[in-house]
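I set out to record how the strands and helices of this structure are arranged. My entries follow in the order in which I looked things up.

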Amino acid sequence: MAVLPSAVAFLLLVSFSLTVNIANSQSFIGVNYGQVADNLPPPSDTAKLLQSTSIQKVRLYGSDPAIIKALANTGIGIVIGTANGDIPALASDPSFAKNWISTNVLPFYPASKIILINVGNEVMTSGDQNLMNKLLPAMQNVQNALNDVSLGGEIKVSTVHSMGVLKHSEPPSSGRFDPSYEDLMKGLLGFNNATASPFAINPYPYFAYRSDTRPETLAFCLFQQNAGRVDGNTRIKYMNMFDAQVDAVFSALNSIGFKNVEIVVAETGWPYKGDDNEIGPSIENAKAYNGNLIAHLRSMEGTPLMPGKSVDTYLFALYDEDLKPGPGSERSFGLFKPDLTMAYNVGLSKSSQTPATPKTPTNPFPTSNKATWCVPKSGVSDAQLQANLDYACGRGIDCSPIEPGGACFEPNTLASHAAYAMNLFYQASDKNPLNCDFSQSATLSSNNPSYNACTYPSGSGSN
């Protein structure tokens with residue numbers, strides 16, 4: 001049976017309110033605030049700069065008290081971090097962890113909105129077996145220290161990984177952790193799962209391009225027009241490298257039983273200049289990558305395996321870090337200059353954004369002379385259909401008709417159940433064509449897919 005119009009109208013109102021809040025806050029957009037530089041502006045100026053943008057979260061690599069204090073009462077979420085060198089002491093001495101919290105959190109919270117503590121950075125690929133072994137005990141002691149001051153439910157604890165923890169990432173469905181890390185990763189992910197903290201990782205399409213400099217790879221990395229890449233296992237076509245890398249991480253998590261752990265992109269970016277012998281850095285490419293990534297996040301399209309939501313993503317970086325060693329590109333990731341002007345415009349400034357005009361939710365089944373249904377395209381993989389089904393039924397629509405005993409349970413096939421759920425989601429979303437996309441795996445049809453006692457809502461005056 002179909003959802004009653006009044007019930008759906010209520011769901012739409014809730015969904016509309018959430019959409020407006022997301023559009024205004026864009027809490028999924030963050031930025032990395034590195035400090036390996038001698039020309040950075042005062043923290044107070046940076047706080048004002050951030051408030052003039054749609055950036056809602058800032059990741060620090062340490063716990064600079066001046067920056068944490070400057071961000072007080074701004075509402076900006078703050079991620080702080082412990083040094084890798086502190087991990088042995090944090091792991092072996094609970095009192096060290098308590099002192100760390102007393103020094104770096106308690107003087108500032110809650111005025112300064114600390115939301116996450118990263119214990120170390122890219123420890124698992126550091127090559128230091130001692131640090132790797134002590135990472136989980138260190139995280140546990142930091143968590144216990146937060147629990148002791150009743151902040152365990154308010155501030156999460158995690159660590160950040162490089163993409164190097166994956167042994168396989170292509171195609172995305174084959175994403176797997178390096179076996180040499182897997183036992184330790186299971187412990188870390190068990191902690192993430194138990195504490196509802198995120199799995200933080202650093203995907204960089206820029207580095208993928210450096211190892212394959214074909215023009216089609218550049219377009220794939222920059223979210224530009226390209227032929228796409230089909231995952232041979234799932235038949236899902238990927239249109240950009242970012243989604244492919246994030247879904248590879250999801251597949252790796254799923255392969256060892258942790259698909260429900262939230263993924264956070266702790267770093268991603270593109271340098272706007274580099275040395276003469278470096279391929280890829282340019283203002284054009286940096287603007288394309290960051291600008292198109294931000295637009296992709298704002299679309300709420302998600303990835304093929306995680307549709308309909310935007311992964312929290314911290315752009316790298318707020319400023320250039322002129323004291324960093326290595327090639328010139330390492331010192332050229334900044335979105336803003338030390339004088340607080342933009343290095344290039346990617347649409348982060350609130351003044352450069354066009355506010356969305358609120359739309360009043362309407363009855364999802366209005367009277368119309370033309371009935372349309374949202375149905376899967378032919379040849380869609382089972383993996384994509386399952387992702388579509390999970391997404392649609394997870395958004396508040398009534399999927400009871402495709403449950404055992406329901407009018408549309410038979411035929412008991414993934415294709416039939418996904419088709420019903422996808423259509424109902426489309427109808428319950430005011431028949432907005434954008435809600436019949438499902439990562440380009442669905443299409444609108446004028447052919448009624450209803451059968452026997454199973455009626456597919458059509459949005460017309462009669463179903």
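Entry 1. In this predicted model, I traced eight strands that close into a barrel. I wrote down their order as β1-β2-β3-β4-β5-β8-β11-β14, and I noted that the pairing is parallel. From one strand to the next, I found that the twist averages 25°.

Entry 2. I then looked up one pair of neighbours in the barrel. Strand β8 covers residues 199-202 and strand β11 covers residues 263-268; I counted three bridges between them, in the parallel sense. Within this pair, I found F199 opposite I263 in β11.

Entry 3. Next I asked which strands α7 touches. I found that α7 packs on the sheet and touches β5 (156-162) and β8. The direction of α7 makes about 145° with that of β5.

Entry 4. I also followed helix α10, residues 241-255, which lies across β8, β11 and β14 (313-315). I noted that α10 runs at about 135° to β11.

Entry 5. Finally I examined how helix α6 (residues 129-148) packs with helix α7 (residues 179-195). Their axes are 11 Å apart and the angle is about 10°. Angles under 35 degrees count as roughly parallel, and I therefore recorded α6 and α7 as roughly parallel to each other.

Entry 6. I listed the residues that meet between these two helices. On the α6 side they include M132, L135, L136 and M139, and on the α7 side they include Y181, L184, L188 and F191. Sorting the residues of this contact, I obtained eight nonpolar, seven polar and no charged.

Notes. Residues numbered from 1 in each chain as written. Predicted model: local features only at pLDDT ≥ 70, side-chain atom pairs only at ≥ 80, totals over all residues. Heavy atoms only, no water. Axes fitted to C-alpha atoms, helices over the stretch in contact; angles between N-to-C directions. Helix = DSSP H or I, 4+ residues; strand = E, 2+ residues; numbered from the N terminus. Parallel < 35°, antiparallel > 145°, perpendicular 65-115°, else oblique. Contact = heavy atoms within 4.5 Å. Nonpolar A, V, L, I, M, F, W, Y, C, P; charged D, E, K, R; others polar. Pairing = 2+ DSSP bridges.
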